[in-house]
Amino acid sequence: MLPVQSPEQRTEPGVARKFRVVLVKPSHYDDDGYVIRWYRSPMPANSLASVYGLIDDCAQRRILGPDIDIDIVAIDETNTRVRVDRIIAEMRANNNFGFVGLVGVQSNQYPRSLHIAKPLRAAGIPVIIGGFHVSGMLAMFDNIGPDLQEALDMGVTLFAGEAEGRMDEVMRDAAAGTLKPVYNYINDLPALEDAVTPFLPGNSVRKTIGNVTTFDAGRGCPFQCSFCTIINVQGRKSRRRSADDVERILRKNYEHGIDRFFITDDNFARNKDWELIFDRIIKLREEDGMDVRFLIQVDTLCHKIPNFVAKAKRAGVTRIFIGLENINPDNLLAAKKRQNKITEYRNMLLAWKAVGIWTYAGYILGFPNDTPESARRDIEIIKKEMPLDVLEFFFLTPLPGSEDHKALRTKGAPLDPDLNKYDLEHALTPHAHMTKAEWEKLYRDAWSIYYTPAHIETILRRAQAYGINILRLAQIILWFAQSLSIERVHPLQGGFVRLKTRHERRPELPMEPMWKFYPAYAAEFLIKHARVAAAAFGIYRTYRRVAKSSQVPYMDQAMQPVSEDDTQTLELFTHNQSAREAVDHAKKVKTLTTTGPAPTETAA
Ligand code: B12
Ligand code: SF4
């Protein structure tokens, strides 16, 4: 480990003391080895805002003493180039009195983080890495694995768990030059009531596309999905911010012209204070005239919670994200996603549609019973029978921090060693019914099977019938339908105008010569923008056609109210043996519960 200067060495007499914190939310590499970076990213990262807020709070309270200012810089690498040379120069000018925090580092961002950390450590700058990779690995394994060891060998400090209530200690240790190799709070998660709230300065937010920001109203989910990392990192207990805190976050942003929010709770429906929070937002909207709007993530049983959908609507929720994951009950069972009942899917979607809220759903490809043919058929069934707007696809991925990853690693199953690929967009393990090439082809095809011109028109017609803003929806469909084919990244990793630098290539790959890199980059730039323009024109024409027919009533099979006959007629319920069994099971439960005492809906 490199020696760290003592505070006395770092401060010359008579010079104002400044403790410098540079926070970097790293991106990761695309398949050609270049950092994924955009002129504008879609929204600020809540991980960065959370850590920034905590350090800013330390600065306000002057926790390093009255004579030491804390200076914080926040860099989101998805929209800003990380100039390691400049960070080194600025830190050196400050006698390395400070640290670089690599924030919210996901597994796919971990290799990039080490590449950023290496020259910083060589220059003697303290570096701390926090986020889901470190937390997930330390939550699931007692031993430090080789990837975390590589960071420790460089003298990087690892932070596992959540920083609320811990930042003073880390800051003081960093200022004293006594950072520990590991801070492990994964088994001691903080309460969030009255915790410091996320915040990012305006210059950081302005590098994103619009007036949208993110915050978490709570953390944790009670369910037990085996591919999930959240339950092992953030726990299964609902920890949440108070309604007062949520109001404070909303007001602070609203004052700066930000009125659209993505509440990042993985399952807001299981936030124990969802109703208190919605009630407060309803008051802000209906009494104080604050036109705030939200995207929230919920589960497939949320419509059964009394008042949930109605209050969501009044609270300004305009979109929801649901982890639909699959329509084959055997697959859902294999992933321990028992709360997803195909017999409830249509009820749930129609409940949201009835109040004019759009639905995004995630669909996972590569569950144990999937074949290329069954998955293709399942997508067609969804298009015909489910009133869904935006569907996005992922590979089933054993993410570090999940039960699936632990099980595979423990039994020594083959797992792709390149963490950069753990982004839900790569096939990383062998599949029983598909070769790697078939699985990858299925993933690429899935987007074009769902987003055909005809189905885009159907989605818009349905949405118009439910009173949804179809121009906005058309823009989002453009983003989701084209991201993979044009930008070769998942829409959630996308942004506005891709930027690339010749020097920002994975060190394992050679730097391309100028004569090769720049012409290819320019051609790629032109071709991509021509394709975006063509796709946008196509979708715009569909939008115009649909908008013109607004007086003509529209109805199709997916929009029909749920009826008893559905289980006999819809393919969703008849497409395979396990679907039929799920229907029989639901019928039995219904008979028992309508004749016996009323059951209580339990979470898991
Ligand atoms: C919001 C969100 C997004 C947003 C915004 C990104 C963001 N991070 O805010 C969007 C939609 C863009 C997104 C995209 C993706 N995401 Co995402 N996302 C989330 C989500 C739901 C919330 C993130 C969050 O705010 N958490 C709360 C913060 C406070 O927690 P935290 O980051 O762990 O930070 C705390 C501690 O770790 C610690 N800490 C963190 N950093 C540091 C640094 C220092 C110095 C210290 C002291 C402490 C510290 O203190 C923090 C405060 O307590 C998480 C799930 C989750 N519940 O976290 C998934 C999650 C992080 N995403 C994930 C993935 C895979 C992705 C994508 C790759 C998906 C895709 N293929 O497109 C992309 C990557 C794009 C990108 N550039 O980030 C995975 C990562 C899993 C893993 N093991 O790597 C998660 C965990 C979800 C999952 N499926 O398991 N995501
Ligand atoms: S519903 Fe499942 S996947 Fe979603 S957060 Fe809860 S446990 Fe994780």
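Mentor: Two strands count as paired if DSSP finds at least two bridges between them. Keep that in mind as we look at this predicted model.

Trainee: What makes β6 and β7 a pair?

Mentor: Strand β6, residues 157–160, is joined to β7 by 3 bridges. The cut-off is at least two bridges, so the two strands pair. They run parallel, and Phe159 stands opposite Tyr183 in β7.

Trainee: Which strands make up the open sheet, and in what order?

Mentor: The sheet has 6 strands in the order β3-β1-β4-β5-β6-β7, with parallel pairing. From one strand to the next, the twist averages 20°.

Trainee: Why are β3 and β7 called edge strands?

Mentor: Each of them, β3 (68–76) and β7 (182–184), pairs on one side only.

Trainee: How do you know that helix α4 packs on the sheet?

Mentor: Contact means heavy atoms within 4.5 Å, and helix α4 (residues 110–122) touches β1, β4 and β5. Its direction makes about 170° with that of β5. Helix α5, residues 132–140, lies across β5, β6 and β7 and runs at about 70° to β6.

Trainee: Now to the helix pairs. Why is α2 called roughly perpendicular to α7?

Mentor: The axes of α2 (residues 46–60) and α7 (residues 167–176) come within 10 Å and cross at roughly 70°. Angles of 65 to 115 degrees count as roughly perpendicular, so α2 is roughly perpendicular to α7. The crossing of α2 and α7 is right-handed.

Trainee: Which residues of α2 and α7 meet there?

Mentor: From α2 come Val51, Leu54, Ile55 and Cys58, and they meet Met167, Asp168 and Met171 of α7. By class, this contact of α2 with α7 has 6 nonpolar residues, no polar ones and 1 charged.

Trainee: What makes α18 roughly antiparallel to α19?

Mentor: Their axes, for α18 (residues 453–465) and α19 (residues 470–487), cross at roughly 150° and come within 10 Å. Angles over 145 degrees count as roughly antiparallel, so α18 earns that description relative to α19. The crossing of α18 and α19 is right-handed.

Trainee: How does the contact of α18 with α19 divide by class, and which residues meet?

Mentor: In α18, Ile456, Ile459, Leu460, Ala463 and Gln464 meet Ile470, Leu473, Ala474 and Ile477 in α19. The contact of α18 with α19 has 8 nonpolar, 1 polar and no charged residues.

Trainee: One last thing: which residues are around ligand 2?

Mentor: Among them are Cys221, Phe223, Asp266, Lys337 and Gln339. The shell around ligand 2 divides into 6 nonpolar, 1 polar and 2 charged residues.

Methods
Residues are numbered from 1 along each chain as its sequence is written. Chains are lettered from A and ligands numbered from 1 in the order in which they are written. This is a predicted model: local features need pLDDT of at least 70, side-chain atom pairs count only at pLDDT 80 or more; totals for chains, interfaces and linings use all residues. Side-chain values use heavy atoms; hydrogens and water are left out. Helices (H or I, at least four residues) and strands (E, at least two) are DSSP runs, numbered from the N terminus. Axes are lines fitted to C-alpha atoms, for helices over the stretch in contact, and angles run from 0 to 180 degrees between N-to-C directions. Angles under 35 degrees count as roughly parallel, over 145 as roughly antiparallel, 65 to 115 as roughly perpendicular and the rest as oblique. A crossing is left-handed if the near helix is turned anticlockwise from the far one by less than a right angle, and right-handed if clockwise. Ala, Val, Leu, Ile, Met, Phe, Trp, Tyr, Cys and Pro count as nonpolar, Asp, Glu, Lys and Arg as charged, and the others, Gly among them, as polar. A residue is near a molecule or strand if one of its heavy atoms lies within 4 Å of it.
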